[in-house]
Amino acid sequence: MLIAKVVGSVVSTQKDEKLQNAKFLVCQVHDHNNQPKDQYVIAVDSVGAGEGDMVLTAAGSSARQTTLTKDKPCDAVIMGIVDSWDLGGANVYEKWND
Amino acid sequence: MLIAKVVGSVVSTQKDEKLQNAKFLVCQVHDHNNQPKDQYVIAVDSVGAGEGDMVLTAAGSSARQTTLTKDKPCDAVIMGIVDSWDLGGANVYEKWND
Amino acid sequence: MLIAKVVGSVVSTQKDEKLQNAKFLVCQVHDHNNQPKDQYVIAVDSVGAGEGDMVLTAAGSSARQTTLTKDKPCDAVIMGIVDSWDLGGANVYEKWND
Amino acid sequence: MLIAKVVGSVVSTQKDEKLQNAKFLVCQVHDHNNQPKDQYVIAVDSVGAGEGDMVLTAAGSSARQTTLTKDKPCDAVIMGIVDSWDLGGANVYEKWND
Amino acid sequence: MLIAKVVGSVVSTQKDEKLQNAKFLVCQVHDHNNQPKDQYVIAVDSVGAGEGDMVLTAAGSSARQTTLTKDKPCDAVIMGIVDSWDLGGANVYEKWND
């Protein structure tokens, strides 16, 4: 999984019928020190994430293992909202301080 | 998924029999700020996309989850045409202004 | 899929038994402007491609969706020979002019 | 597989229900000379790894082949703890000297 | 597939039970001109490869299509030992001259 920040959303009316109810979020990948990387992914939200949230994204066939994305042409899913993480015992990110 | 712009098409007569009716489009990947990246993908179109459209592409096994691409040797599919997207509440791309 | 040029071939006698009849071709990836990239892939040929041909390659599990590669430990396949492609209406590559 | 060092952990309360018991570890990828790379992955631990351990991570659908991760939206798993490795007969890493 | 040179091996005692008999080899990726790249993969050996051998590696779900790796959390496999390869008709590598 990658850590990413939800920074926007995409509107697509003309899309595969299986994805009619999918919400596409623009996720900017962050490194483990919480610095934004020059990498993004458009992921389907399966956990109620919103703009500004730090999230975990899963890619490839693993992105189809949620109830919402099963058997759908979707290669990236938000499967968790990050509360916090630490490195070497030191807190790097804490949602409630954000 | 990635955001890409349809910039061309590929003709292939001698190809896997399962792909006889597939339309191969040249898709240039854009970043989330709508800047073209030095990255492209040849994707099968499943939604009626045309040159100049901004689209969403899905890769890997997820590219075989549309009716058109099921069980076919295809690793990238256009599964949505982008109407618009925004970042931090500001519109980045709007199809009708293009 | 990626566009690549067949530039060579690999001989492997001691290999997985399922791949005994596979032909491994060295494919140099080209960008959409037909410039060679510093990237190559060894792909199994499923369409009768030969050295000098521009081809389409599919990767990952999609590479196992041809009759020749089904259920085999093969992660890249040539599934089409490129006749031509264009960008913005202008021809970039034409096999018969090559 | 990649060699990585477990450098931290991620807390996520709101996540896919299938992952309720998963432990997410921050793994910094190392090269084969044991130098840290500018690449990390968040992996589910399936072998009892802890901070400071050098581990092997598997990605993609292969990350779902452990008892813990089967059919779950997880694209990276720690499937081994590294005791040691060598290059050209010379020891590069030895857990007990760490 | 990629061409790689077997340069070492990894010992892992505490690992997924399905991989108890797997041999993990450190494979340094080479380009098609036989120059080593700054990229490596730890692959399970399925063909009796040894240090110094040039091999073909398959990644992702394709790495689970050998008898040895079926249904195991393994994302890279050595599925062939390279005897030789050529580019443009000229020999680049020949095992017996190595």
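Chain B and chain D share no contact (heavy atoms within 4.5 Å), and their closest C-alpha atoms lie 10 Å apart. Chain B and chain E do not touch either, with nearest C-alpha atoms 10 Å apart. Chain E and chain C do meet, and most of this briefing follows that pair.

This is a predicted model, in which local features need pLDDT of at least 70, side-chain atom pairs count only at pLDDT 80 or more, and totals for chains, interfaces and linings use all residues. Residues are numbered from 1 along each chain as its sequence is written, chains are lettered from A and ligands numbered from 1 in the order in which they are written, and side-chain values use heavy atoms, with hydrogens and water left out.

**Where chain E meets chain C**

- Chain E brings 29 residues to the contact, and chain C brings 31 residues.
- About 2,300 Å² is buried between the two chains, counted as the accessible area (1.4 Å probe) that two parts lose on being put together, summed over both. Carbon and sulfur atoms give 48% of that area.
- On the side of chain E, E:Met1, E:His32 and E:Gln65 lose the most area to chain C, together 31% of what that side buries.

**Polar links and residue classes**

- There are zero salt bridges across the interface of chain E and chain C, taking a salt bridge as a side-chain nitrogen of Lys or Arg within 4 Å of a carboxyl oxygen of Asp or Glu.
- Between chain E and chain C, 19 residue pairs are in polar contact, both at pLDDT 80 or more. A polar contact is a pair of N or O atoms within 3.5 Å; within protein, one must be able to donate a hydrogen and the other to accept it, and residues adjacent in sequence count only if both atoms are side-chain atoms.
- The side of chain E that touches chain C has 13 nonpolar, 12 polar and four charged residues. Here Ala, Val, Leu, Ile, Met, Phe, Trp, Tyr, Cys and Pro count as nonpolar, Asp, Glu, Lys and Arg as charged, and the others, Gly among them, as polar.

**How the copies are related**

- A rotation of 72° with 0.0 Å of shift along its axis superposes chain E on chain C (RMSD 0.0 Å), by least squares on the C-alpha atoms of residues with pLDDT of at least 70 in both. The two copies are thus related as by a five-fold rotation axis.
- Only 3% of the interface residues of chain E are also interface residues in chain C, so the copies meet through different surfaces.
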